[in-house]
Amino acid sequence: MGQELRGGDEILLAFGRALRAAGVPVTHDRQQQFLDAAAELGMDDQRCTYLAGRATLCSGPEDLDRYDQVFTAFFGPDGLPRPRPAQRSGVSYTTGLPDAEGSGAGDTEGQDVVRAMASSAEVLRQRDVATMSAAERHRLAGMFATLQPRPPLRHSARQRPSARGRVDAPRTLRASLRWMGEPAAVAWRRRSVRPRRVVLLIDVSGSMSNYADALLRLAHRLTQSLRVQGGSVETFTVGTRLTHLTRAMRVHDVERALVIAGEAVPDWSGGTRLGETLKVFGDRWGQRGLARGAVVVVFSDGWERGDPSLLGEQMGRLARIAHRVVWVNPHRGKAGYEPIQQGVVAALPHCDDFVAGHSLATFDELTRVIADA
């Protein structure tokens, strides 16, 4: 933390890591505030520790329930780290920090629990979404909050006053006139920066059905985060039909948003006609300027039941009006994968980026690709 740790800080740091692994966005600053607040109130009082963490580590009401669950699981009902379960064969634990009686069990056991939680969370981040159980998918849903997307930026035509840049002759002249023609300070201006629009096209055909829920959760996270930062995200599903889901993704509660999206999409787990649906998108939305200058992200495995040449033609049309085209394929990061599907072969010449999209870790990398576009 940048300074010598006080007694008991290791336990509090471990608790913060457990919260982060459980999906609460605990930052370095919040962690330090928690340590300071706990030291001020006194760590001997369980309620004081609970309130200090609740006030400093939770960024909003949506974090409170998860905070309570992790606090109870980590500290137990008496405010001490819960004892670890009986060891399984082949699993060993290390100890090193002495407790009040010199055994070192209390602190180290709590750290063992945190290391196990953090390790399992990291494993879950790397897991293929399609291979997860229902319980693992439920846990992963809470981890989407750890993604911190940033909007891609562009320079606008409008210029604004600045400390550097180009000389703003009109403002400099007006300032000089106010001083009766005497020399005045030189004014400067530069082009302002605005977020680019992001357009998401999500394949919901049968071959992509195992990824549809996770991709819509990603779309919801992008929509909510970039909207706060002044950005704009437009979401569509493609399959046999094109469905506009932006209004559903703007609903704040993710579960309610997914229910609304599920009711709006008529072609879940159907066929794949990317060429035809992209043509509809270009005719109805691209021509209106929705994709013009935007970062367009296509989520699909490339299994095309229609004419691949039509898909290539429409991807070329999209590439000409968009700022950048990103193709996200859930099989891209898997061992032995080769982009030989007809749809992928037709689309790749018109893509600026071809990235994996099968796990939370790859989704995190995708947010950086979008931000840097």
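**Exercise 1. Find which helix gives the most to the lining of the largest pocket, and describe that pocket.**

Solution. Helix 8 gives the most to the lining of the largest pocket, contributing 6 residues, and the model in which this is found is a predicted one. The next step is to place helix 8 among its companions: helix 4 (64–75), helix 5 (105–126), helix 6 (134–143), helix 8 (209–228) and helix 10 (254–264) each supply at least two residues of this lining. The volume of the largest pocket is about 1400 Å³. Of the 33 residues that line the largest pocket, Glu 62, Asp 63, Arg 66, Gly 142 and Ala 145 are the closest to its centre. Sorted by class, the lining is made up of 11 nonpolar, 12 polar and 10 charged residues.

**Exercise 2. Work out how many cavities of 30 Å³ or more there are, and what lines each of them.**

Solution. The count comes to 2 cavities of 30 Å³ or more. Begin with the largest cavity, in which about 60 Å³ of space lies, and whose lining consists of Val 129, Arg 137, Leu 140, Ala 141, Phe 144, Asp 213, Ala 214 and Arg 217. Helix 6 and helix 8 each supply at least two residues of that lining, which by class holds 5 nonpolar, no polar and 3 charged residues.

Continue with the second largest cavity, which has a volume of about 40 Å³ and is lined by Leu 278, Phe 281, Gly 282, Gln 314, Arg 317, Leu 318 and Ile 321. Two or more residues of this lining come from helix 11 (274–286) and from helix 12 (308–321), and the largest share, 4 residues, belongs to helix 12. By class, the lining of the second largest cavity has 4 nonpolar, 2 polar and 1 charged residues.

**Exercise 3. Explain why strand 1 and strand 2 each have one side without a neighbour in the sheet.**

Solution. First write down the order of the open sheet of 3 strands, which is 1-3-2, with antiparallel pairing. In this order strand 1 (153–162) and strand 2 (166–167) stand at the edges, and because each has a single partner strand, one side of each is left without a neighbour in the sheet. Then look at the pairing of strand 1 with strand 3 (residues 188–195), where 7 bridges join the two antiparallel strands; as one point to locate, Gln 159 has Arg 191 as its bridge partner in strand 3.

**Exercise 4. Decide whether strand 7 and strand 8 run parallel or antiparallel, and describe how covered strand 8 is.**

Solution. Strand 7 (residues 295–299) and strand 8 run parallel and are joined by 5 bridges, and in strand 8 the bridge partner of Phe 299 is Val 328. Strand 8 (residues 324–329) is mostly covered, since 5 of its 6 residues are buried.

**Exercise 5. Classify Asp 364, Cys 48 and Cys 58 as buried or exposed.**

Solution. The cut-off needed here is that a residue is buried under 20% relative accessible area. Asp 364, which lies in helix 14 (residues 360–371), has 18% relative accessibility and therefore counts as buried. Leaving out residues up to four places away in sequence, Asp 364 touches Arg 125 and Leu 147. Cys 48, at 19% relative accessibility, also counts as buried, and so does Cys 58, at 10%. The count of disulfides comes to 0. For the chain as a whole, 46% of the 373 residues count as buried.

Conventions: Residues are numbered from 1 along each chain as its sequence is written. This is a predicted model: local features need pLDDT of at least 70, side-chain atom pairs count only at pLDDT 80 or more; totals for chains, interfaces and linings use all residues. Side-chain values use heavy atoms; hydrogens and water are left out. Buried means under 20% relative accessible area, exposed over 50%, partly exposed in between (1.4 Å probe, protein chains only). Contact means heavy atoms within 4.5 Å. A disulfide is a pair of cysteine sulfur atoms within 2.5 Å. On a 1 Å grid over the protein atoms alone, a cavity is a set of points where a 1.4 Å probe fits but cannot get out, and a pocket is an open set with protein on both sides within 12 Å along at least five of seven lines; lining residues have an atom within 4 Å of a point. Grid points are joined across faces, edges and corners, and a volume is the space filled by probe spheres set on the points. Ala, Val, Leu, Ile, Met, Phe, Trp, Tyr, Cys and Pro count as nonpolar, Asp, Glu, Lys and Arg as charged, and the others, Gly among them, as polar. Two strands pair if DSSP finds at least two bridges between them.
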